[in-house]
Amino acid sequence: MTFSSWITKIVNLAMSICIALSNVGYAAQQNKELNLYSARHYQTDEALYANFTKLTGIKINRIEADDNALLERLNSEGSRSPADVILLVDAARLWRAQTNNYFKSIQSKYLNERIQANFRADADVDGIAWYGFSTRARIMVYNKAMIDPKNINTYEKLADLVNKGKVCTRSGSHPYMLSLVGALIERVGLEATEQWARGMVLNMARDPKGGDTDQIRAVASGECSVAITNSYYLARLMRSGKPEDIEVVRKIGHVWPNQNSGGVHMNISGGGVAKNAPNPKAAVQFLEYLASDAAQIYLADGNNEWPVVTSVKVNNPALEALGPHQVEKISVAAIGRNQMAAQRILDKVGYK
Ligand SMILES: [Fe+2]
């Protein structure tokens with residue numbers, strides 16, 4: 001062997017050692033970082049994530065945006081997406097993300113034990129694509145001077161003739177409404193749901209517009225007599241110290257619907273491991289952390305929701321004031337599956 005070939009050999013060896021070492025560094029770095037795409041952003045999230053890092057040494061890189069922006073981002077990133085965990089709100093969106101193939105199904109005995117079957121995706125051959133981590137109810141609020149709560153104590157009654165010109169909701173195409181209609185399809189079938197949707201359109205006090213809080217305010221102002229809202233929007237107003245919010249809450253009442261016929265419609269915020277997660281092990285670890293007692297309290301309290309793990313209790317005065325209630329037993333996976341049928345019905349009857 002010549003002197004120069006010795007040199008080449010040594011240089012090559014040194015280079016491959018460097019590459020190997022840097023790969024080890026890269027892998028170690030990867031195991032210590034988790035990329036989280038989240039549609040949730042509340043004050044308690046800081047403590048929630050800091051606690052995970054403290055427990056595991058894994059740093060969380062957060063991308064926070066609303067659900068639609070996150071779904072668009074995942075779509076454009078495709079298989080190159082650096083996302084490890086995806087958190088979204090509402091079963092309709094989780095189901096859409098699942099059908100778009102954004103989730104990797106996982107096996108976790110812990111999650112299956114902690115989270116009841118109706119608050120997660122159906123199992124497939126590889127496991128489960130997403131889990132709920134907090135729950136919210138879709139309830140009725142009404143103007144105390146304008147309506148007898150007995151006339152609005154089921155979703156079905158909102159579509160009765162007695163409520164003509166009195167009802168307000170956000171757009172029928174919003175995931176919260178699609179999920180509600182999806183649950184109704186599960187409960188009473190396609191035909192009865194279509195009849196219901198027709199009745200709702202006839203009973204509208206105004207064309208659907210705005211978010212749930214806008215509906216509550218419109219009920220207080222008297223523009224609408226009754227509206228549908230997610231429970232946490234009402235709880236948020238009940239906890240507010242602003243004089244205008246206190247005034248709104250004073251004028252309205254709330255109803256837990258369908259207490260003798262299937263329970264109030266329940267939905268979730270939830271998430272799963274991203275399809276091409278660079279760090280799937282840490283991603284599962286993170287989801288399992290979200291189902292722990294401490295994380296469940298952070299998650300629920302951050303948005304006036306209930307923990308999905310039923311043994312965990314939150315100390316929230318507004319939720320306490322909303323009172324006891326019977327909840328729907330329909331699977332959020334079934335609700336997700338029904339959303340296309342729900343949209344078809346709403347389009348057919350002209351529910352904007
Ligand atoms: Fe919301």
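Visitor: The axes of α2 and α13 come within 9 Å and cross at roughly 160°. Why are α2 and α13 called roughly antiparallel to each other?

Guide: Let's start with how the angle is taken. Axes are lines fitted to C-alpha atoms, for helices over the stretch in contact, and angles run from 0 to 180 degrees between N-to-C directions. Under 35 degrees counts as roughly parallel, over 145 as roughly antiparallel, 65 to 115 as roughly perpendicular, and the rest as oblique. The angle here is roughly 160°, so α2 and α13 fall in the roughly antiparallel class. Their crossing is left-handed; that word is used if the near helix is turned anticlockwise from the far one by less than a right angle, and right-handed if clockwise.

By the way, this is a predicted model, where local features need pLDDT of at least 70, side-chain atom pairs count only at pLDDT 80 or more, and totals for chains, interfaces and linings use all residues. Residue numbers run from 1 along each chain as its sequence is written.

Visitor: Which residues in α2 and α13 meet?

Guide: On the α2 side, look for D45, A47, L48 and N51; in α13 they meet A294, A295, Y298, L299 and G302. Contact means that two C-beta atoms, placed from the backbone, lie within 7 Å.

Visitor: What makes α7 and α8 oblique to each other?

Guide: Same recipe. The axes of α7 (residues 175–188) and α8 (residues 190–203) come within 7 Å and cross at roughly 135°. That angle fits none of the named ranges, so α7 and α8 are oblique. This crossing is right-handed. V181, L184, I185 and V188 in α7 meet L190, A192, T193, W196 and A197 in α8.

Visitor: How do you know that the 17 Å between the end C-alpha atoms of α2 agrees with its 12 residues?

Guide: The expected span is 1.5 Å times one less than the number of residues. For the 12 residues of α2 (45–56) that gives 16 Å, and the end C-alpha atoms are 17 Å apart, which agrees. Right after α2 comes G57, with a positive phi near 80°.

Visitor: Which residues of α2 are buried?

Guide: D45, L48, Y49 and F52. Buried means that 20 or more other C-beta atoms lie within 10 Å of the residue's own, exposed means 12 or fewer, and partly exposed is in between, with C-beta atoms placed from the backbone.

Visitor: Why are they said to be on the same side of α2?

Guide: They cover an arc of only 90° around the axis, which puts them on the same side; the arc is that of the directions from the helix axis to the C-beta atoms. The buried residues pack against β2 (59–64), α12 (280–290) and α13 (293–302). On the face turned away from them sit the exposed residues E46, A50 and K54.

Visitor: Why does D90 count as buried?

Guide: D90 has 25 C-beta neighbours inside 10 Å, and the cut-off is 20 or more, so D90 is buried. D90 lies in the loop between β3 (85–89) and α4 (91–99). Its phi is near 85°, positive in a residue other than glycine.

Visitor: What makes N304 buried?

Guide: N304 has 25 C-beta neighbours inside 10 Å, so N304 counts as buried. N304 is in the loop between α13 and β12 (306–307), and its phi is positive too, near 50°.

Visitor: How many helices and strands does the protein chain have?

Guide: 16 helices and 12 strands. These are DSSP runs, numbered from the N terminus: H or I with at least four residues for helices, E with at least two for strands.
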